[in-house]
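User: I'd like to go through this one by asking what stands behind each label. Can you take me through it?

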Amino acid sequence: MGNKAQKNNTVGAVILAAGMGTRMRSSRHKVLHEIGGLSMLGHVLSSLDTLSVAKRVVVVGAERGQVESAVDNVSFAVQDKQLGTGHAVQCARQALDGFDGDVLILYGDVPMVSAATMQKLIATRQENNHALVVLGFKADDPASYGRLVLGQDDNLEAIVEFKDASPSQKEINLCNSGIMVVGGEHLFPLLDKVSNNNAAGEYYLTDLVALARAEDNSVGVVTVAEDEVRGVNSRAELAEVEEIFQNNMRRNAMENGVTLLDPKSVYFSHDTKISPDVTVGQNVVFGKNVQVEVGAVIHAFSHIEGAKIGAGSKIGPYARLRPGANVGSNVKIGNFVEVKKSDIEDGAKISHLSYIGDASVGAGANIGAGTITCNYDGFSKYKTYIGSGAFIGSNTSLVAPVKIGDEATVGAGSTITGDVEAGALGVERSKQKNLKGWSTNFRDKQKGKK
Ligand code: UD1
Ligand code: MG
């Protein structure tokens, strides 16, 4: 068995995703619905990314085109008719041709299974030389899950499907998550013995357990909390899994040194990266692709997406950072400020009521309240450059393309259409006139009318 060590190190995965999921009432395939901004199938694949998996096969059927165009670096196996989970894995036979390592069997609609759990399944199988290891859980309500029938030494003897279970077997609350790992040399020989002679008339993957035992091979169980193996069949279950996911993200953030003032009101994306000693206020939403550096503060009711926030910067309350907002360190982005596709360099301040888009704002610049970059003419977008240390007076419109030089000043209320050179004052408004006594006369006249 010279190649045994090598064999044991190779892992493949088969992900079942042939069912459309009609209970979602969606034109979108079930496994493409998102948790934390990533499709359920994406979650399964990203957990696999952290193991070194040699081969990943997704079993597709209904609306397979949608699934095939949504994911990369996998092979697809087609199951035209859904004849059962055992049949679905059979369909992957060709895609796994020549592969003899351990095969993880996963469901595309069970997205929260961690890489650590997958690893534990594989290790348990290899260390005990089990033919297969099943991932089980103690169910609060075992409902119609398959029941795990244990024998002596906690060896798994069989999985009995609910429809086929006796009244006493229905009392068992240790349930089958559906997920398992099977030793490569056992998988297809056992599958070939599966029949559809059961209450559902389906080829049950779960029959592998009793079939392996009948050949005197051992079968193991690894158990996890029910939340980790929750499946999604409806919008309500999607929302439940989203909540589990968000709670995991919140707990991880706090464990990594992030203060969440009201954890349950903060929403993360699967890829949110937050450094230690960041404080996040109440009701903050992180969309995809956000990175926040150490010591930054995100005040309440801010919505942040596709943005980088540098160390020590203060954002919000009520700020909106859109994709391409690249905020340096010690920057202040205040209330009702929207920033899109702009570099805001260190120490700049945009404190109130502004729109900054397609711009670059130099270090230490001060952008007055109500400043708007007019970046769009209805056809194209144009850039605004604001130099370092520049001062833009309140209620200024900067009509792009336009450049404000370093340490220039723009007078409040200006509509700036031409460049302002470094160190200069740019002001564009009509001269103020005061009419002495006008207001008093006006008021007296109006009062007389009554
Ligand atoms: C299955 C298990 C059951 C377990 C439960 C956990 C079997 C026989 N039963 O039951 O023990 O407690 O999952 O949720 O395995 N699929 C296909 N092709 C098919 C059938 C299913 O791709 O022909 C996919 C589905 O899209 C789904 C998954 O496999 O993602 C599970 O199928 P489902 O019909 O929900 O299995 P259950 O009857 O719930
Ligand atoms: Mg099911």
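**Labels and the values behind them**

Analyst: Sure. The space that ligand 1 takes up is the largest pocket. Keep in mind that this is a predicted model.

User: What makes a residue count as part of the shell around ligand 1, and how many residues surround ligand 1?

Analyst: A residue is in if one of its heavy atoms lies within 4 Å of the ligand. That gives 19 residues around ligand 1, with Gln79, Thr85, Gly146, Glu161 and Asn176 as the closest. By type, the shell splits into 8 nonpolar, 9 polar and 2 charged residues. Elements that each supply at least two of the shell residues include β1 (11-17), α4 (85-90) and β10 (174-182).

User: Why is the pair between asparagine 176 and ligand 1 called a polar contact?

Analyst: The cut-off for a pair of N or O atoms is 3.5 Å. Here a backbone N or O atom of asparagine 176 is 2.6 Å from an oxygen atom of ligand 1, so the pair passes as a polar contact. Glycine 84 also has a polar backbone atom 2.9 Å from a ligand 1 oxygen. With tyrosine 107 the side chain takes part: one of its polar atoms sits 3.2 Å from an oxygen of ligand 1. As for cover, the protein hides 79% of the 740 Å² of accessible area that ligand 1 has on its own.

User: Now the whole chain. How many helices and strands does it have, and why is it called more spread out than a compact globule?

Analyst: There are 10 helices and 35 strands in the protein chain. The radius of gyration is 31 Å, and the globule rule gives 22 Å for 450 residues; the value is well over the rule, so the chain is more spread out than a compact globule. Its C-alpha trace spans about 105 × 65 × 40 Å along the principal axes.

User: Which omega value goes with the cis label on the bond from glycine 316 to proline 317?

Analyst: That peptide bond has omega near 5 degrees and is cis. Proline 317 is in the loop between β20 (314-315) and β21 (320-321). The bond from alanine 400 to proline 401 is cis too, with omega near 5 degrees, and proline 401 falls in the loop between β31 (397-399) and β32 (402-404).

User: What makes arginine 25 worth a flag?

Analyst: Its phi is near 50 degrees, which is positive in a residue other than glycine. Arginine 25 lies in the loop from β1 to β2 (34-35).

Terms used. Residues numbered from 1 in each chain as written. Chains lettered and ligands numbered in written order. Predicted model: local features only at pLDDT ≥ 70, side-chain atom pairs only at ≥ 80, totals over all residues. Heavy atoms only, no water. Polar contact = N/O pair within 3.5 Å; in protein donor to acceptor, adjacent residues only side chain to side chain. Areas by Shrake-Rupley, 256 points an atom, 1.4 Å probe, with all protein chains shown as cover. 1 Å grid on protein atoms, 1.4 Å probe; cavity = no way out; pocket = protein on both sides within 12 Å on 5 of 7 lines; lining within 4 Å. Sits in = over half its atoms within 2 Å of the grid points. Helix = DSSP H or I, 4+ residues; strand = E, 2+ residues; numbered from the N terminus. Nonpolar A, V, L, I, M, F, W, Y, C, P; charged D, E, K, R; others polar. Rg over C-alpha atoms; globule rule 2.2 N^0.38 Å.
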